[in-house]
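Me: I'm new to this structure. Please take a close look at the salt bridges for me, then carry on to whatever else helps me find my way around.

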Amino acid sequence: MKAVVCKSFGPPESLVWRDVDTPEPGPGEVLISLVIAAANFPDTLVIEGRYQLQPDLPFTPGCEGCGEILAIGPDVTGLKPGDRVMFSTSFGAFAEQVVADAANVFIIDRDMPAEDAAGFLLAYATAYHALKQRAALRAGETLLVLGAGGGVGLAAVELGRAIGATVVAAASSAEKLAACAARGADALIHYGDPARLRAQIADATGGKGPDVVYDPVGGAFAEPAFRSIAYNGRYVVIGFAAGAIPSLPFNLPLLKSASIVGAIAGVFMAKEPARHRENVAELLEFYRRGMLRPAIGGSYPLSQAASAIRLLTDRRAIGKILLEA
């Protein structure tokens, strides 16, 4: 079979498309014939050797997709060959056949398009864990989503609306903000200058500030966003797409009676698998009710994974970028 292979750490263009051995599922694993994979921001980090969970070289990147189960390993229950599934994995998804831990494989409805299933799991699971378990977002509160035009950003916009919050979406282009508006954002912030962000947030929230800030970006916008947070606010750190890891004076959480919490979906999935599966079941019900629809920002052949990852590296992607096997 063929797969995308990272032979040495570097930019997306260093990836190669080549023949590799067909994997076999071990205990607790399933073998999946890939239909579509999705590119995610962690893929940009893992191929450069900058991710917190780093595989040995050479390896195949990719952490989610959908397909059909070909075979199951020992000790797998509830899944069988022929099941149509979506899955997540630490790496290895950019291949014609993928081995995944059965705990992270979910049967999907027959009428769920493969394009929706391929990019559904990680963005929505990340956003829902962040908003539900970590931020405890409640109906009637105000949610500010930074980097709202990306995959996890648009997922947070939709989930904020599903929970019943007022959603303020902040993004770096009119095109990204249009995607946020289409997903139900109540107010839009076109940011460019960090010095203006506090005034923009005040305008968008009537001077109150957001109860929850959802931040997958980091960088220069983090401090003005935190300074804008409402009393008893919760600032959820998702990642650092801007590249720079921000730092905050410790007096700010004290003065605001606010908290800073982190949300790493992969750790949550591993440490609390039962709660993760509950979350996914709730997300699929939101989907069935028409409250969630993955935004697809582009599609490439699997062999052109480098082009897809380059869009993420350059922060030009709007929604999910798919790779078709």
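Reply: Let's start with a yardstick: a residue is called buried when its relative accessible area is under 20%, exposed when over 50%, and partly exposed in between, using a 1.4 Å probe and protein chains only. What you have is a predicted model, in which local features need pLDDT of at least 70 and side-chain atom pairs count only at pLDDT 80 or more, while totals for chains, interfaces and linings use all residues. Numbering runs from 1 along each chain as its sequence is written, and side-chain values use heavy atoms, leaving out hydrogens and water.

Now for the salt bridges. One is counted when a side-chain nitrogen of Lys or Arg sits within 4 Å of a carboxyl oxygen of Asp or Glu. That rule gives 17 salt bridges. I'll also name helices (H or I, at least four residues) and strands (E, at least two), which are DSSP runs numbered from the N terminus.

Take Lys-320 and Glu-64, whose closest N and O atoms are 2.6 Å apart. This pair joins distant parts of the chain, with Lys-320 in strand β15 (residues 320–324) and Glu-64 in strand β4 (residues 64–72), 256 residues apart. Are the two partners buried or exposed? Lys-320 is buried, at 4% relative accessible area, and Glu-64 is buried too, at 0%.

Asp-109 and Arg-288 also meet in a salt bridge, at 2.7 Å from N to O. Asp-109 is in the loop between β7 (105–107) and α2 (114–118) and Arg-288 is in helix α10 (residues 273–288), so their pairing ties together parts 179 residues apart in sequence. Asp-109 is partly exposed at 30%, and Arg-288 is partly exposed at 46%.

A local example is Glu-223 with Arg-227, where the closest N and O atoms are 2.8 Å apart. They are 4 residues apart in helix α7 (residues 222–227), which means about one helical turn separates them. Glu-223 has 26% relative accessibility and counts as partly exposed, as does Arg-227 with 29%. There's a network as well, in which salt bridges link Glu-13, Arg-310, Asp-314 and Arg-316.

By that network's stretch of sequence you'll find Arg-315, with a positive phi near 60° although not a glycine. Arg-315 belongs to the loop between α11 (305–313) and β15 and is partly exposed at 33%. Asp-75, another non-glycine, has a positive phi of about 70°; its place is the loop between β4 and β5 (84–88), where Asp-75 is exposed at 72%. In the loop between α1 (41–46) and β4 lies Pro-58, and the peptide bond from Leu-57 to Pro-58 is cis, with omega near -10°. For background, most residues other than glycine have a negative phi, and most peptide bonds are trans.

Next, helix α5 (residues 174–182), where Lys-176, Leu-177, Ala-179 and Cys-180 are buried. Those residues lie on the same side of α5 because they cover an arc of only 155° around the axis, the arc being that of the directions from the helix axis to the C-beta atoms. Ala-174, Glu-175 and Ala-182, on the other side of α5, are exposed. The buried residues of α5 pack against α4 (151–163), β9 (166–171) and β10 (187–190); contact here means heavy atoms within 4.5 Å.

Finally, the inside. A nonpolar core is a set of buried Ala, Val, Leu, Ile, Met, Phe, Trp, Tyr and Cys residues joined through side-chain atoms within 4.5 Å. The largest one has 50 residues, and Met-86, Phe-120, Leu-143, Leu-159 and Tyr-214 have the most contacts inside it. Helix α3 (residues 121–134) gives the largest share of this core, 7 residues. Another core lies apart, with 31 residues, including Cys-6, Ile-69, Val-85 and Ala-93. This is a familiar pattern, as nonpolar side chains tend to be buried together in soluble globular proteins.
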